[in-house]
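Me: I should like a close look at one part of this protein. Please work from the model shown here and keep to what its atoms support.

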Amino acid sequence: MEKKGNKSEAANLRQKAEELLKKKSSKMTSFLSETEILKLTHELEVHQIELEIQNEELVIAKEKADIVAQKYAELYNYAPSGYFTLSKEGEIIELNPCGANILGKEIQQLKNSKFGFFVSDETKPIFNSFLGKVFNGKGEESCEIILSGDGNSMNVYLNGIVNKNGNHCFVNVMDITDRKLAAELLITNKELAFQNKEKQKWAEELFNSNKELKELLQLNSDKDLFISILAHDLRSPFQGLLSLSGLLTENIHQHNISEIETLVNQINISAQNTYKLLEDILMWAKTQSGKIPFEPQKLSFKDICKDILENLRPIAGAKGIKINYISDNEIIIFADIDMLKAILRNLVSNAIKFTNNSGSINISAEQTHSNITISVSDNGIGIPPDNLFKLFDISQIQTTTGTANEGGTGLGLVLCKQFIEKHGGKIWVVSEVGRGSEFKFTLPTFTEHMNDIKNREKNSV
């Protein structure tokens with residue numbers, strides 16, 4: 001319809017132009033030749049066509065402008081945030097439906113009213129400063145304020161810029177209440193997480209303190225038990241020593257040389273047992289106080305066994321017991337030399353003590369990729385099943401008597417377990433009453449020990 005209207009207007013314009021042309025041509029006919037009139041007529045027709053083309057372009061441009069205006073109106077009216085046009089005094093000149101919804105009023109009610117009326121008292125200075133900066137500045141300004149009304153409040157974000165003339169500004173208003181609440185909730189959650197972390201840390205410290213307290217209580221209990229065992233086991237050999245030495249002293253002139261030799265031998269055996277007990281006691285005390293240094297090194301297991309057997313062979317020989325070292329290969333072991341000797345000395349001494357006369361003891365070692373398994377076996381009296389689990393527990397140790405009435409407390413096996421675990425190994429026993437016992441323990445190889453150190457260093461980084 002618009003195109004038809006535009007064409008009729010063009011026709012009217014053309015008619016008027018032709019009438020004017022006729023008037024002018026009647027006046028100018030006497031002055032112009034026929035050729036000049038034709039030329040002039042041609043130019044007018046060309047000019048007329050140009051006007052028609054321009055008119056068509058104007059129609060198309062108008063249609064496009066109408067489309068853009070429609071889109072702008074839709075964006076303005078259905079935008080999810082509020083758009084306001086404010087004067088220098090803060091009066092609302094124009095606004096979109098979302099802006100009216102934010103302020104909770106109808107559009108017509110809000111026009112010409114002051115925007116600051118809806119700003120909370122505590123954030124009103126922020127809004128006034130924002131408005132002043134918008135009109136005085138050349139770029140965008142922004143701020144956060146609180147809108148209040150009808151008992152409700154809303155956190156909003158303002159973004160504004162002045163128009164070219166400087167007589168009003170355009171302000172975008174975005175509701176950030178949910179975002180603000182989410183941020184506050186996040187902060188609260190972080191605070192709660194921090195508090196929970198602190199509580200967890202406190203709980204861990206309390207747990208560790210309780211654990212340390214239990215360990216101290218257990219240590220005190222172990223010490224009390226140890227002292228009671230010590231008092232009992234030292235009393236017996238000292239009573240024996242005192243009794244034997246008393247018999248020897250009081251009746252030395254009445255005994256013959258054979259009787260004196262028997263008493264002296266008994267005194268010597270009792271003294272050796274008492275000394276061995278004191279050695280175990282001192283060693284145990286040092287382990288509990290952490291005074292025993294741990295310095296592992298590469299050692300020849302065969303050489304260590306040779307030293308131990310030379311020291312214990314006289315005791316074994318007294319009972320006619322044969323000790324064998326069984327190993328085809330040279331085994332290099334990585335251990336603390338003093339601790340390893342203490343372990344082997346205790347295990348072999350126990351084997352001698354609980355093996356009958358003319359018995360045998362075998363020592364062997366077997367190496368794998370990750371560890372070395374060492375075995376000390378005998379064909380002695382064996383251990384009852386009910387006593388197997390008590391051997392390495394200080395709270396379960398008890399006085400034991402060997403096949404030749406040798407004394408002992410079992411403290412040596414507790415020391416063996418502590419020293420072996422210090423190396424990262426473990427100890428266990430297989431035994432059958434009347435057939436003998438086999439004590440086995442493992443120690444890591446040098447390669448495995450170095451790998452373990454590397455892994456710990458890697459984990460610590």
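Does F118 count as buried or exposed, and at what relative accessibility? Please then describe the open sheet of 5 strands and the helices that pack by it in detail.

Reply: The model is a predicted one, and the description below should be read with that in mind. F118 counts as buried because its relative accessibility is 8%, and the cut-off for buried is under 20%. This residue lies in the loop between α4 (107-110) and α5 (124-136). Leaving aside neighbours within four places in sequence, F118 is in contact with L103, K105, L110 and S113, and also with I146, L147 and S148. The C-alpha atom of F118 is separated by 9.7 Å from that of S153, which is 35 residues away along the chain.

As context for the sheet, the protein chain has 12 helices and 12 strands. Of its 461 residues, 30% are buried. Among contacts in the protein chain with a separation of 6 or more, 60% are between residues 24 or more positions apart.

The sheet itself is open, with 5 strands in the order β7-β9-β10-β12-β11 and mixed pairing. Its edges are β7 (322-326) and β11 (427-432); each has a single partner strand, so one side of each is left without a neighbour in the sheet. From one strand to the next, the twist averages 15°.

The pairings can be followed from one edge to the other. Strands of a sheet pair through backbone hydrogen bonds, in either a parallel or an antiparallel sense. β7 pairs with β9 (residues 360-367) in the parallel sense, over 5 bridges. Within this part of the sheet, Y325 has I363 of β9 as its bridge partner. β10 and β12 are antiparallel, with 7 bridges between them, and S377 has E438 of β12 as its bridge partner. β12 also pairs with β11 in the antiparallel sense, here over 6 bridges. E432 stands opposite G436 of β12. The hairpin of β11 and β12 has 3 residues between the strands, and G434 there takes a positive phi near 85°. Of the 9 residues of β12, 7 are buried, so this strand is largely enclosed by the rest of the structure.

Helix α9 connects this sheet with a further helix. α9 lies across β7, β9, β10 (371-378), β11 and β12 (436-444), and runs at about 170° to β12. In addition, α9 (residues 337-353) packs with helix α11 (residues 411-422) at an angle of about 145°, and the two axes are 9 Å apart. The crossing of these two helices is left-handed. On the α9 side the contact is made by M339, A342, I343, N346, L347 and N350, and on the α11 side by G412, L413, C416, F419, I420 and K422. By class, the contact has 8 nonpolar, 3 polar and 1 charged residues.

One residue of that contact, C416, bears on the question of disulfides. C416 counts as buried, at 1% relative accessibility, and C305 is also buried, with a relative accessible area of 2%. A disulfide is a covalent bond between the sulfur atoms of two cysteines. A search of the whole structure finds 0 disulfides.

Technical notes
Residues are numbered from 1 along each chain as its sequence is written. This is a predicted model: local features need pLDDT of at least 70, side-chain atom pairs count only at pLDDT 80 or more; totals for chains, interfaces and linings use all residues. Side-chain values use heavy atoms; hydrogens and water are left out. Axes are lines fitted to C-alpha atoms, for helices over the stretch in contact, and angles run from 0 to 180 degrees between N-to-C directions. Helices (H or I, at least four residues) and strands (E, at least two) are DSSP runs, numbered from the N terminus. A crossing is left-handed if the near helix is turned anticlockwise from the far one by less than a right angle, and right-handed if clockwise. Contact means heavy atoms within 4.5 Å. Ala, Val, Leu, Ile, Met, Phe, Trp, Tyr, Cys and Pro count as nonpolar, Asp, Glu, Lys and Arg as charged, and the others, Gly among them, as polar. A disulfide is a pair of cysteine sulfur atoms within 2.5 Å. Buried means under 20% relative accessible area, exposed over 50%, partly exposed in between (1.4 Å probe, protein chains only). Two strands pair if DSSP finds at least two bridges between them.
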